[in-house]
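Reader: Please take a close look at a single part of this model. I would like one strand, its partners and the spaces around it, and then the way out to the rest of the fold.

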Amino acid sequence: MAAREPKAIENPKTCLVLRGGNCSQIVQDALNDLYSMHQPHAKKFSKKNHIHPFEDATSLEFFSEKNDASMLLFGSSQKKRPHAITLVRTFGYKLLDMLELHLDPETFRAMSQFKNKKFSIGLRPMLLFAGTAFESPVANEYTLAKSFLTDFFKGEPADKIDVEGLQYIVSFAVEESSSNGEVEAAKPQIHMRVYLIRTRRSGQRLPRVEVDEIGPRMDFRVGRMRVPDEAMLKEAMKTPRGLEERAKKNISTDTIGDKLGRIHIGKQDLGTMQTRKMKGLKRSRLDDEEVGVEDVAEEEAAKRSKQ
């Protein structure tokens, strides 16, 4: 129970992989590859589970609490929705949001079908999201997919990363709309590709970088989704005290990125400033004695009366 208590910096998210009563072999192979890519923070069920996530998610919430898993991958295959992989997130072991992705069986290639070197377990990948659909200002299926996939592949938090540990990259690309400006009837697919990074000698200071596809190769078509409740999402996105960076007063950053500071000083008395630089600008004796103009006029009038 102490390990499951809320922390200022949470542990890496554990992902639970399970399948429904009907699940095609293609979906099972895809789940196995995703399970291996999420190691060591992943658990997998081998038995069938007759669950319909969008109809009743109580079983998923039960499995989430029992296994302390905040992410779930549920694979199923039906006549109406074949080769479906449902991504589920929970907060406080309660359902937060869901997204259904339909795998294309014709273009799917498992990791075992690529006969080349693989990456080491536990390394964090670099993520690439290509396509304007991921950057939409209005929340949709693609922005939700980007949030899910980032949570799934981000791994353990780290302040510093060794360059040698960046061994592979996961790319997600979405096709753009048609050239005539009209939106296509079918929503564009999400193309997932995984590449191993290799550095070669280039004869210069920087090495030449090459990439080799290592799998898995998956093409997804977005399906149903369930957006999070506003109150629950606000609670889930709350930052604990002490972690947020305090805004520094009187310091700003311009468009170039340079820091600008504002300095406050006390009120200056300009009358005491040293301004004499030469004998011609030297003040008279009356100025040194701080005698006013009226006093000087009275003295001159008195001298004239005596004469």
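Author: Two strands count as paired if DSSP finds at least two bridges between them. Keep that cut-off in mind for what follows. The model is predicted.

The strand to look at is β8, residues 190–200. Start with its partner β7, residues 168–174. The two run antiparallel, over 7 bridges. One pair fixes the register: Ile169 has Tyr195 of β8 as its bridge partner.

Next comes β9, residues 208–213. It also pairs with β8 in the antiparallel sense, through 6 bridges. Here Arg200 stands opposite Arg208 of β9. Then there is β10, residues 218–226. Its link to β8 is antiparallel too, with 3 bridges. The marker pair is His191 with Asp219 of β10.

The connection from β9 to β10 has a detail worth checking. Pro216 sits in the loop between these two strands. The peptide bond from Gly215 to Pro216 is cis, with omega at about 0°. Most peptide bonds are trans. A second cis bond joins Gln39 and Pro40, and its omega is about 5°. That proline belongs to the loop between α1 (25–37) and β2 (42–48).

Which residues lie closest to the centre of the second largest pocket? First, its size: the second largest pocket holds about 390 Å³ of space. It is lined by 14 residues, and Glu164, Leu166, Gln167, Ile197 and Thr199 are the closest to its centre. Strand β8 gives the largest share of that lining, 4 residues. By class, the lining is 7 nonpolar, 3 polar and 4 charged.

Now look at the nonpolar side of the story. In a regular strand the side chains alternate between the two faces of the sheet. The largest nonpolar core has 41 residues. Met37, Leu73, Phe153, Phe172, Ile190 and Met192 touch the most other members. Helix α3 gives the most to this core, with 7 residues. There is also a second, separate core of 13 residues, including Leu16, Leu18, Phe63 and Leu72.

Met192 leads on to the closed space in the model. There is 1 cavity of 30 Å³ or more. The largest cavity has a volume of about 90 Å³. Met192 is among the residues that line it, and so are Leu73, Phe153 and Phe220. The lining also includes Leu34, Ile85, Leu87, Leu101, Leu149 and Phe152. The lining has 10 nonpolar residues, with no polar and no charged ones. Both β4 and α3 supply at least two lining residues. The largest share, 3 residues, is from α3.

Leu73 deserves a moment as well. Leaving out residues up to four places away in sequence, Leu73 touches Cys15, Leu16, Val17, Leu18, Leu31, Leu34, Ile85, Thr86, Leu87 and Phe152. Of these contacts, Leu34, Ile85, Leu87 and Phe152 also appear in the cavity lining.

Helix α3 turns up again at the open space. The largest pocket holds about 1700 Å³. It is lined by 47 residues, and Glu10, Lys13, Ser70, Phe91 and Ala236 are the closest to its centre. α2 (58–67), β4 (84–91), β5 (94–103), α3 (141–153) and α4 (230–236) each supply at least two lining residues. The largest share, 4 residues, comes from α3. The class split is 20 nonpolar, 13 polar and 14 charged.

Two backbone angles complete the tour. Most residues other than glycine have a negative phi. Tyr93 has a positive phi of about 60°, though it is not a glycine. Tyr93 is located in the loop between β4 and β5. Is Tyr93 buried or partly exposed? Buried means under 20% relative accessible area. Tyr93 has 22%, so it counts as partly exposed.

Asp68 is the other case, with a positive phi of about 55°. It lies in the loop between α2 and β3 (71–76). Its relative accessible area is 34%, so Asp68 is partly exposed as well.

Back to the strand, then. β8 pairs with β7 over 7 bridges, with β9 over 6 and with β10 over 3. It also gives the largest share of the second largest pocket's lining.

Terms used. Residues are numbered from 1 along each chain as its sequence is written. This is a predicted model: local features need pLDDT of at least 70, side-chain atom pairs count only at pLDDT 80 or more; totals for chains, interfaces and linings use all residues. Side-chain values use heavy atoms; hydrogens and water are left out. On a 1 Å grid over the protein atoms alone, a cavity is a set of points where a 1.4 Å probe fits but cannot get out, and a pocket is an open set with protein on both sides within 12 Å along at least five of seven lines; lining residues have an atom within 4 Å of a point. Grid points are joined across faces, edges and corners, and a volume is the space filled by probe spheres set on the points. Ala, Val, Leu, Ile, Met, Phe, Trp, Tyr, Cys and Pro count as nonpolar, Asp, Glu, Lys and Arg as charged, and the others, Gly among them, as polar. A nonpolar core is a set of buried Ala, Val, Leu, Ile, Met, Phe, Trp, Tyr and Cys residues joined through side-chain atoms within 4.5 Å. Buried means under 20% relative accessible area, exposed over 50%, partly exposed in between (1.4 Å probe, protein chains only). Contact means heavy atoms within 4.5 Å.
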